[in-house]
Number of protein chains: 2
Amino acid sequence: MMNLLLNNMVKNKMPHWARRKKIYLSGFLTLATVVVLFGSCSKSISIEGHESYPKLILKKQDVPQIVEGISKYPLLKASFEKAKSIADNAILNGIEIPIPKDPGGGYTHEKHKRNYIEMYNAGLVYQLTGEEKYAVFVRDMLLKYAELYPTLGLHPMKKNQAPGKLFWQGLNESVWLVYTIQAYDCIHDFLTDTERKIIEENLFKEVVKFFLTENKSTFNRIHNHGTWAVAGVGMTGLVLGDTLMVKQALYSTELDSTGGFLRQIDELFSPDGYYAEGPYYQRYALLPFVIFAKALENNIPELKIFDYKSGVLNRAVVTLLQLTNTDGRFYPINDAIKDKTWITPELVFGTNIAYFNTHDSTILDVAQKQGEVMLSIEGLEVAKAIEQGHVKTFVRKPIVIRDGKNGDAGGLAILRMGKNEKQTSVLFKFTSQGMGHGHFDRLNLNIFDRGVEIVPDYGAARFINVVAKEGGRYLNENKTWAKQTIAHNTLVINQKSNFNGSVKLADKFSPKLLFTDLSNANIQMVSAIDENCYKNDTIQRTLALIEFGDRKFLIDLFNIKGIGRVQYDLPTYFNGQIIDSNFEIQRLNQYKILGNNNGYQHLVIDAESRAFDSLARVTWAIGTGFYSLTTITNTHTNFYVVRLGANDPNYNLRNQQGFIFRGELAGSGKILSVYELHGNYNPSTEAVLGSESAIDSCKLFDDNDRVAVYVTLKNGKKIGLFIDLSFSGSNSNRVKVDNSVVTWQGNYKLTIKE
Amino acid sequence: MMNLLLNNMVKNKMPHWARRKKIYLSGFLTLATVVVLFGSCSKSISIEGHESYPKLILKKQDVPQIVEGISKYPLLKASFEKAKSIADNAILNGIEIPIPKDPGGGYTHEKHKRNYIEMYNAGLVYQLTGEEKYAVFVRDMLLKYAELYPTLGLHPMKKNQAPGKLFWQGLNESVWLVYTIQAYDCIHDFLTDTERKIIEENLFKEVVKFFLTENKSTFNRIHNHGTWAVAGVGMTGLVLGDTLMVKQALYSTELDSTGGFLRQIDELFSPDGYYAEGPYYQRYALLPFVIFAKALENNIPELKIFDYKSGVLNRAVVTLLQLTNTDGRFYPINDAIKDKTWITPELVFGTNIAYFNTHDSTILDVAQKQGEVMLSIEGLEVAKAIEQGHVKTFVRKPIVIRDGKNGDAGGLAILRMGKNEKQTSVLFKFTSQGMGHGHFDRLNLNIFDRGVEIVPDYGAARFINVVAKEGGRYLNENKTWAKQTIAHNTLVINQKSNFNGSVKLADKFSPKLLFTDLSNANIQMVSAIDENCYKNDTIQRTLALIEFGDRKFLIDLFNIKGIGRVQYDLPTYFNGQIIDSNFEIQRLNQYKILGNNNGYQHLVIDAESRAFDSLARVTWAIGTGFYSLTTITNTHTNFYVVRLGANDPNYNLRNQQGFIFRGELAGSGKILSVYELHGNYNPSTEAVLGSESAIDSCKLFDDNDRVAVYVTLKNGKKIGLFIDLSFSGSNSNRVKVDNSVVTWQGNYKLTIKE
C-alpha cells in the first residue's frame with residue numbers, strides 16, 4: 001500500500017511536504033496486514049486481519065473501557081444517554097422507509113435523515129449495552145433499505161446536478177452512507193451471513209455503485225461534496241473489506257489521483273488548515289475528512305493519515321475554531337448560514353479526534369461547551385480529560401491564516417483586541433475565490449464587537465431546509481446579490497463586481513498579503529493587495545486597529561493604482577440604528593434604485609447627501625456599543641444610505657442597511673476611512689457613556705507609497721500613523737506634512753500626542 | 001400619627017379596603033415613640049427615640065449580623081464586594097462636583113448620577129467595615145454639594161416641565177435625594193454637629209424646599225415622578241427628624257391627601273398590584289414605593305405600610321415579575337425601553353423587600369438571577385435563604401391582572417402555554433390609558449414565543465440617555481408614532497386613533513373584561529370590550545389560545561357593533577422574514593405612504609394586494625419558529641406590507657415591518673384571524689420541521705352573539721370553537737352552520753374532529 005502511495009505520488013508529482021519529510025517511507029516494512037498489489041490499473045489494497053467488528057470508528061476492543069467511562073465521566077454519560085434516548089424513541093416509533101418524494105425540509109427528506117441518525121445511535125448503543133433490540137432495529141431497517149434501494153431511480157425532485165436516489169441531492173445520500181455504514185459496522189457481528197450478504201449486495205454495493213457511476217463526477221470532484229462521497233465509499237470499503245473501494249476513495253475512480261481523498265486534502269486545505277470554501281463549509285466538510293481519516297487510522301495505520309501534509313487535518317480543526325466570533329458563530333464569509341456556531345454535532349467529531357491526536361487542552365474548552373462527545377475512545381479521552389480538570393480556555397488570538405494549497409493564495413487576517421465576550425475582531429478577507437461557494441469580495445472587511453456583528457457580511461441568500469423557500473436551496477438572490485461585490489464591505493469600481501462576476505477567472509487569481517504585524521498591544525496592522533480583480537486597477541487595502549484610551553480606532557486605507565477615470569463605491573453595511581451624523585442626511589420620498597445589475601438592482605436608496613466638506617461622519621448604535629465611521633470626503637463625494645429589498649418579489653432578501661460613499665478617481669488615489677468603536681450602554685442601569693464620536697479631524701498626507709495619517713480628537717490628543725505602503729523596510733521614509741517633513745524608519749510608526 | 005391617618009381618611013373618604021379591614025386601628029395604643037398632634041393644618045408627626053443611625057433602610061442594630069452574613073452567604077458577599085469596589089474606585093478617583101451643564105447622557109448629568117451611587121455605596125461600606133475613609137468620602141462630597149447647591153438656579157438645559165437644579169429633570173434630582181439621604185443616614189453619627197448642620201441646612205433642606213415650592217406640582221402629582229419626590233422628601237424627613245416633611249410626603253404639601261404617598265398607593269396600583277403606567281414604569285416606580293415604605297416600616301412601624309391596601313406593595317412586586325417574557329424582559333406596552341429585564345438594580349430592592357415580607361420563595365429564583373442583594377437585613381435574608389436552598393422556580397402563569405384603583409378599569413390577560421424558555425405568551429391589553437405614558441392601544445395583542453417577540457409592541461420612541469437623540473428624552477415620534485393606535489396590533493377605525501388621540505378623554509374610560517377562562521390545558525380564552533375608544537363603535541375582541549398536536553392556534557375574533565359604514569385597518573407587526581403566502585404579494589416600486597396623520601404618515605407601503613378569495617395567509621420565520629396568520633377575507637379586502645420610516649428625517653424610528661388587513665364594515669361585523677405557531681428550526685443540526693401552515697380553511701358562522709369558528713387542517717382534522725359572545729351563561733346556544741344547526745351549552749365549547 002505504501003508502495004502504491006509512493007507510486008501514485010511519483011506519477012502525479014509528489015507534493016513538497018511529502019518530498020521534504022519522506023513521511024511515507026517510514027514504516028514501509030511493517031505492513032503485515034496490508035497486501036499491496038502493483039500496477040497502475042489493478043492496484044488494490046487488501047484489508048485483512050480485522051476480523052473483529054466494529055472497527056471503523058468505535059472499535060471492539062475499546063468497548064469495555066468506554067462502558068466503564070460512562071459511569072465515571074458525566075459528559076460521556078450524557079452523550080450515551082442522548083444516543084440511547086434517540087435509539088429508544090426510534091424503536092418506539094417503529095421503522096418507516098418512505099418512498100423518496102419531497103425536497104429538502106419535506107417529510108420524506110427529513111425522515112430519511114432521521115433514519116440514518118437513528119440507525120447510527122442504535123448501532124452504538126447496541127455495542128455499549130449489548131442489548132439485542134438495538135441491533136434488531138438497525139438490522140430490520142437496513143433490510144428494508146436493501147429492499148427499497150435497488151428499486152429506486154433518481155429522486156423525483158432532483159435538480160440540475162448530482163441528484164441522489166433517497167434524497168434530491170447526492171450530497172445527502174453521501175451523508176446517509178457515512179452514518180449508515182457505521183451503524184452496519186456496529187451490528188456486523190450480530191447478523192447472519194445471509195443478512196450480511198443481502199445488506200452488502202443490495203444496499204451498500206448499490207449505493208457505492210451509484211456514486212462510482214452515475215455520480216462519478218461528484219465523487220472525483222475536489223470539493224466538499226466529493227469528500228462526503230469518498231468518505232462514505234471508503235468507509236464502506238473498509239467495512240466490506242473491499243480494497244478497490246478504498247483505493248478509489250483515496251485515489252479517484254480511475255485510481256489516477258486526479259481526485260480522491262488525498263488529493264482533496266492536498267488541494268482543499270492550506271498549510272494553515274484553512275479550507276478553501278470558508279468556515280461555514282469547513283465546519284461541514286471537516287466531518288467526512290476527520291471521520292474517514294479516523295477510519296483509515298484505525299484500519300490502515302501505516303498510512304499515517306493524520307501526519308499527511310504535515311498534520312493539516314488536526315490543524316484544520318483548531319483553525320476553524322479560531323474562525324469564530326466570541327459567541328462561537330463562524331465568520332459568515334462566502335456562502336454561509338449566519339447562525340451556525342461551533343456547538344454543532346458535526347464539529348464534535350472534529351474536536352474529539354483533534355484532541356485525541358494532539359492533546360491540545362484548549363480544544364477541551366470547546367468540547368465542554370459542545371456538551372457531547374463521540375461514543376468512542378476519542379470521546380472517552382475528552383470526557384475524562386474534562387472531568388480531570390485539564391480544560392484550558394480557548395483564546396481567540398490575532399492571527400493570519402494563509403489560503404491556497406501551498407499557502408500562497410492570499411488568506412485571512414483577524415485583528416483582535418480585548419478579552420472574552422467583549423473582544424473586538426476585525427476580519428480582513430484576501431483569500432482565493434473559494435470555488436462555487438466563494439463571493440466576489442476581494443479585500444473585504446467585517447467588524448465584530450462585544451459579541452455583535454457591527455459591520456456584517458450578508459452570508460448566503462438561502463433559508464436552509466425551509467420548504468417554501470425553494471426547498472431550502474440557494475436562492476437566485478444568492479447569485480444576484482449575496483455573491484456580488486457591492487454586497488460586501490469593499491471597493492467596487494465602476495459598479496462592476498470583481499472579475500466581472502466570473503468564477504472561472506476569479507479562481508485563477510488571489511490577492512497577496514504584503515505586510516502584517518499583530519504583535520503589539522496597542523496596534524495591529526495588515527496590508528494586502530489585489531492586482532487582478534479589476535482589469536485596470538490595482539487595489540491595496542491597509543488596516544490598522546489601534547487602541548487608545550477607552551476607544552478603538554480602525555484606520556482603513558485604500559491605495560488604488562489605475563489608469564483612467566473611475567467611479568468607486570465603498571459600502572459599509574451596518575446593523576443597528578443611525579444615531580447621528582455631522583452632515584444632513586436627506587431621506588428620499590421617492591423610490592430610487594441604486595443601479596441595474598451586479599447586485600445594485602437590489603439596493604433601494606433610502607437617503608443621500610452630496611457636496612461634502614473635508615470630513616463626513618456617521619454614528620450608529622447596536623447592542624451596548626456606539627460606532628462611528630469618519631471618511632475624508634470632497635465636494636464630489638456622494639453618500640447614500642441604502643437598504644436591501646428592490647427587485648426581490650418574494651422577500652428572499654433579509655433587511656439590511658448600509659452606507660455607501662461614492663467618489664471618483666483620476667487614475668490613482670487613496671481613500672481613508674476611520675472606524676471608531678466607542679461608548680457603552682448599560683441596559684440594566686440605562687447609563688450611557690461616550691455615545692459621541694471623539695474625532696475632531698482626520699488628515700491624510702502622502703508621497704506615493706509613503707503616507708501620514710492624523711486623527712485629531714476633540715480633547716486635543718492626536719494619533720499619527722506613518723506607513724510605507726510598499727513595505728520595503730526602508731529606514732528613510734519621508735512625507736511632507738503641511739510645511740514640514742515627517743520622517744520615520746521601517747514599515748510603519750505610530751505616534752500619540754497627548 | 002394613626003389618629004392623624006384616620007382623621008385624614010375620614011376627611012377624604014376612607015377607601016373600601018381600609019373600611020373593611022380597619023387595619024389602621026390595630027396597634028393604635030402602642031405609639032410610644034410617635035407623638036401625634038391634631039388639627040388639619042398643623043398636623044405633624046414627631047419621630048423621636050430613634051437616636052441610633054443608620055435607621056432608614058440599613059439599621060444600626062442589623063450591622064453585626066450582616067457583617068457575619070457576608071462571610072457566610074456568597075450573594076451577600078458579592079454584593080458587599082461590588083459596593084466596596086464602587087466605593088474604593090470613587091475614593092481613588094477623588095471628588096468632583098461639576099457645575100450642572102449637560103442634558104441626559106452628557107458629562108455633568110452622568111457625573112452627578114455617579115456621585116450619588118458612590119456616596120450611597122461608600123455609606124454602606126462605612127457601616128459594614130467601620131473604615132473611616134468611606135465616611136470621610138461621603139462627608140466631603142456632601143459638604144461640597146452643600147456649598148454648591150444653594151448657589152444653583154434651574155438647570156440650564158431645563159425643558160418645559162419640572163426641571164431640576166443638578167439635573168435637567170427634577171425627576172433625576174429626586175432619585176439623587178433618595179440615594180443621597182441614605183448615604184447621609186449611614187455617616188450621620190460620624191459627623192460633627194457643625195457638619196451635620198451645614199449639610200442638613202444648606203443641602204437637604206434646600207433640596208426639599210425646592211421640591212415643596214418650585215417643584216410642588218410634581219411633588220403632589222399622582223405619578224411616578226411624584227413618588228420619587230415624596231420618597232426623597234419623606235426619607236429626608238425621617239433622617240432629619242422633621243415630622244412636617246414626613247407628613248407632607250404622606251399627605252401632600254397641603255396635608256390634605258390630594259396627593260402624597262398614600263394617595264399614590266391608592267390610585268396608582270390596582271388591587272392586583274398593577275401599576276397604571278405599565279410594567280416598564282412599574283419597575284422604575286417600584287423602587288421609591290418599596291424603599292420609602294421600608295423606611296416607614298423601620299421608623300413608624302405602626303403605620304403598617306406593607307399592609308396598606310391589603311398588602312398591595314408586596315403584590316406589586318410579584319405582579320411585575322409576572323409581566324415579563326421568558327427572557328426576563330418586561331412586556332414593552334406603553335412607553336417602554338424594550339431591552340429592560342428584571343435583572344435591574346432598582347428591582348433588587350423590590351424582590352428583597354417583598355421576600356422579606358412574604359417569604360414567597362419563588363421570588364428567590366429572581367433574586368438569584370439578579371446576582372446581588374441589598375446590604376441590609378432584607379438582603380441578608382435573601383442571600384441566606386438562597387444559600388440554604390429555599391429557591392423555588394418562578395413560574396410564569398396564565399393570568400388576568402386587573403387595572404384601576406378598585407380593579408374595575410380593565411386589565412391585562414396573559415395566555416400562556418408551554419414551559420420555561422419555550423413558553424408561548426399572548427398578551428392582551430385592555431387596561432386603562434395609563435396616563436401620559438399610556439398608548440392609544442385599546443384591545444392590543446402581542447405574541448411572544450420561545451423567548452422571541454413574534455408580534456411585537458413598538459415600545460417608546462426614545463434612545464435613553466443618548467446625547468445625539470435629544471439627550472435621551474422622548475422623541476417627537478413617540479407622540480406621532482409610538483402612541484398612535486396604528487402603531488399597535490389592534491383595530492383602527494377610519495384611520496383615527498382611539499379617542500382621537502386625546503389623553504384627557506382616554507383617561508376617563510376603560511375597556512371591560514367580559515370573560516376569561518385560563519384553567520384548561522388545551523384552551524385559554526379571554527374576551528374584553530371597549531365601548532368608548534371610537535365614538536360610534538363598540539369593539540369586542542375575543543382571543544382563544546388552543547394547543548393541538550405540536551402546534552398552537554390563536555383564534556382572534558373582533559366583534560364590532562356600530563353605525564354607518566366604516567373602514568378598518570387591522571395591523572400585525574412582525575419580527576423576522578416573510579417566508580410564504582397563499583396569494584401574490586406585490587412589492588411596490590414606487591414610494592407610497594399609507595396616510596397623512598395619526599401615525600399613518602410614518603408607514604411606507606412596501607407591498608400590497610387586493611381582491612382576495614375567502615382566505616389570506618402569510619407565513620414568517622424568526623428564531624427557531626414559523627408563524628402564520630390566516631384571515632378571512634373578501635373581494636374588498638386590501639392587504640399591505642408596511643415598514644416604518646416615512647417622515648422620519650432623523651432616523652428616530654427603528655425598522656419595523658407589519659401586515660395590515662384593510663376592510664370595510666357596514667354598521668356591525670366580525671373579523672376573524674387565526675395565528676398559528678408552528679415548526680422548528682434547529683440551527684445546530686439545520687433540521688427544519690413544520691415550516692408550512694397546516695390550515696386548509698377557516699370558516700365563521702354567526703347569529704349575532706353566537707359564533708362558530710371552524711379551522712380545518714390539511715390532514716383533515718378540524719377544530720371547532722363555539723362562543724356565546726355575550727357570555728350570558730345560556731345553556732341553549734345555537735348557530736346555523738351551512739344547512740344544519742349547532743347547539744352548545746355555556747359560554748364556549750371546543751371540539752376537535754380527528
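The following exercises, each with a worked solution, concern a predicted model with chains A and B.

**Exercise 1. The relation between the copies**

Task: Determine what kind of axis relates chain B to chain A.

Solution.
Step 1. Two copies of a chain are related by a rotation about an axis and a shift along it.
Step 2. Chain B is laid on chain A by a turn of 180° with a shift of 0.1 Å along the axis, and the RMSD is 0.0 Å.
Step 3. The two copies are therefore related as by a two-fold rotation axis.
Step 4. Within chain B, B:Y591 has the C-alpha nearest the axis, at 2.4 Å from it.
Step 5. Of the interface residues of chain B, 100% are also interface residues in chain A, so the copies meet through the same surface.

**Exercise 2. The interface**

Task: Describe the interface of chain B and chain A by its area, its polar contacts and the residues on the side of chain B.

Solution.
Step 1. The size of an interface is often given as the accessible area lost when the parts come together.
Step 2. Chain A and chain B bury about 4,200 Å² between them, and 49% of this area is on carbon and sulfur atoms.
Step 3. B:R587, B:Y651 and B:E686 supply 19% of the area that chain B buries against chain A, more than any other three residues.
Step 4. Contact involves 54 residues of chain B and 54 residues of chain A.
Step 5. Across the interface there are 28 residue pairs in polar contact.
Step 6. Elements of chain B that each supply at least two residues to the side touching chain A include α5 (107-129), α13 and β16 (603-610). The largest share, 4 residues, comes from β14(B).
Step 7. By class, this side of chain B has 25 nonpolar, 14 polar and 15 charged residues.

**Exercise 3. Salt bridges**

Task: Identify which residues pair in salt bridges between the chains and within chain A, and state where the partners lie.

Solution.
Step 1. Side chains of opposite charge can pair when their charged atoms come close.
Step 2. Over all chains the count is 86 salt bridges, and between chain B and chain A it is 4.
Step 3. B:E686 pairs with A:K340, with the closest N and O atoms 3.6 Å apart.
Step 4. Within chain A, A:D606 and A:R587 form a salt bridge at 2.9 Å, N to O. A:D606 is in strand β16 and A:R587 in strand β15, 19 residues apart. Both A:D606 and A:R587 are buried.
Step 5. A:E754 forms a salt bridge with A:K717, the closest N and O atoms being 3.2 Å apart. A:E754 lies in the segment after β29 and A:K717 in the loop between β25 and β26, so the pair ties together parts that are 37 residues apart in sequence.
Step 6. A:E754 is exposed at 65% relative accessible area, whereas A:K717 is partly exposed at 27%.
Step 7. Salt bridges that share partners join A:R283, A:K340, A:E346 and B:E686 into one network.

**Exercise 4. Backbone geometry**

Task: Locate the cis peptide bond of chain A and state the phi of A:E686 and of B:Q495.

Solution.
Step 1. Most residues other than glycine have a negative phi, and most peptide bonds are trans.
Step 2. The bond joining A:Y53 and A:P54 is cis, with omega about -5°. A:P54 is in the loop between β2 (44-47) and α3 (63-72) of chain A.
Step 3. A:E686, although not a glycine, has a positive phi of about 65°. A:E686 is in the loop between β22 (680-682) and β23 (687-689) of chain A.
Step 4. The relative accessible area of A:E686 is 9%, so A:E686 counts as buried.
Step 5. B:Q495 has a positive phi near 60° and is found in the loop between β8 (492-493) and α19 (503-506) of chain B.
Step 6. B:Q495 counts as partly exposed because its relative accessibility is 21%.

**Exercise 5. The surroundings of B:S270**

Task: Establish whether B:S270 is buried or exposed, and which residues are in contact with B:S270.

Solution.
Step 1. B:S270 lies in the loop between α12 (261-268) and α13 (279-299) of chain B.
Step 2. The relative accessible area of B:S270 is 0%, so B:S270 is buried.
Step 3. Apart from neighbours within four places in sequence, B:S270 is in contact with B:K309, B:V312, B:R402, B:D403, B:G404 and B:K405.
Step 4. A polar atom of the side chain of B:S270 lies 2.5 Å from the backbone oxygen of B:R402.

Methods: Residues numbered from 1 in each chain as written. Chains lettered and ligands numbered in written order. Predicted model: local features only at pLDDT ≥ 70, side-chain atom pairs only at ≥ 80, totals over all residues. Heavy atoms only, no water. Buried < 20%, exposed > 50% of the residue type's maximum accessible area, 1.4 Å probe, protein only. Polar contact = N/O pair within 3.5 Å; in protein donor to acceptor, adjacent residues only side chain to side chain. Contact = heavy atoms within 4.5 Å. Buried area = accessible area lost by both parts, 1.4 Å probe. Salt bridge = Lys/Arg side-chain N within 4 Å of Asp/Glu carboxyl O. Nonpolar A, V, L, I, M, F, W, Y, C, P; charged D, E, K, R; others polar. Least-squares fit on C-alpha atoms with pLDDT ≥ 70 in both.
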